[in-house]
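Me: I should like to go through this structure in a series of short questions. Please reason briefly each time and close on the value or name requested.

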Amino acid sequence: MYYGTTKRWSKNHRSLCDEFKDVPESLMPYVNDYRIHVFEIAWLSEDTVAKFKSAFRIVADYFVQVRKNGNYVPSREEIKHVNEVLGLMEAMTNSRSFQNAQNEFRKGDKIKMTMADWFDKKIDEERAQAKEQGLEQGIERGIEQESERGIVFLLKTCADLGATCDYAVNRIMTDYHLTEEDAKSRVRKYYTVE
């Protein structure tokens, strides 16, 4: 399985002999040329992803969305095998965030979990932590500046987690009681996905 999202698996690397470029022609009859069957997960169609019956659908959906959109809208589908899904996500993305989620799940009493639940919780925790740090540093600039700092931090967290701009707009509207236009202007001003 290939999880790359920026480029497809090379067509020149689909058999064992494709990898052995330096084998002398006289030895080629003695080399078994095994085909390499590559499943390009991020390049599957949405219809194909929808056909998965296991929790792997959540993993495949993540990589397809990241390839197509550059970010991820978390699923509200319950994860039946949380440790396995989060462990695979951590290994394939090299993101400690998924390992942290896995550790939190193991510690808690929670039996059910969705990716959207985890994204929401992660953003809430990081926002609370930023607010706490801001208070510890003695920020006395008034509610407006504190809200702006909170929005900037919220957007940074959304970008770090790969959330969409629409998700960020909805969180700002909900958390800071701003109009959709005000929330969109903050996203245009501060939100960058690398």
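Me: Between which helices does the loop holding K80 lie, and is K80 buried or exposed?
Reply: In this predicted model, K80 sits in the loop that runs between helix 3 (56–69) and helix 4 (82–93). Exposed residues have a relative accessible area over 50%. With a relative accessible area of 66%, K80 is therefore exposed.

Me: How far apart in space are K80 and T114?
Reply: In sequence, 34 residues separate K80 and T114. From C-alpha to C-alpha, the distance between K80 and T114 is 9.0 Å.

Me: Which side of helix 9 do R188 and K189 occupy, relative to A183, R186 and V187?
Reply: Helix 9 (residues 180–190) has A183, R186 and V187 among its residues, and these are buried. They cover an arc of only 100 degrees around the axis, so they lie on the same side of helix 9. R188 and K189 are exposed, and their place is the other side.

Me: What kind of aromatic pair do Y2 and W9 form?
Reply: The structure holds 4 aromatic pairs. The ring centres of Y2 and W9 are 5.3 Å apart, with the planes at 70 degrees. Planes over 60 degrees apart count as edge-to-face. The pair of Y2 and W9 is therefore edge-to-face.

Me: Which residue forms one aromatic cluster with Y62 and F63?
Reply: The rings of Y62 and F63 have centres 5.2 Å apart and planes at 85 degrees, so this pair is edge-to-face. Both Y62 and F63 are buried. The residue that forms one aromatic cluster with Y62 and F63 is Y3.

Methods:
Residues numbered from 1 in each chain as written. Predicted model: local features only at pLDDT ≥ 70, side-chain atom pairs only at ≥ 80, totals over all residues. Heavy atoms only, no water. Helix = DSSP H or I, 4+ residues; strand = E, 2+ residues; numbered from the N terminus. Buried < 20%, exposed > 50% of the residue type's maximum accessible area, 1.4 Å probe, protein only. Arc of directions from axis to C-beta. Phe/Tyr/Trp six-rings, centres within 6.5 Å; stacked < 30°, edge-to-face > 60°.
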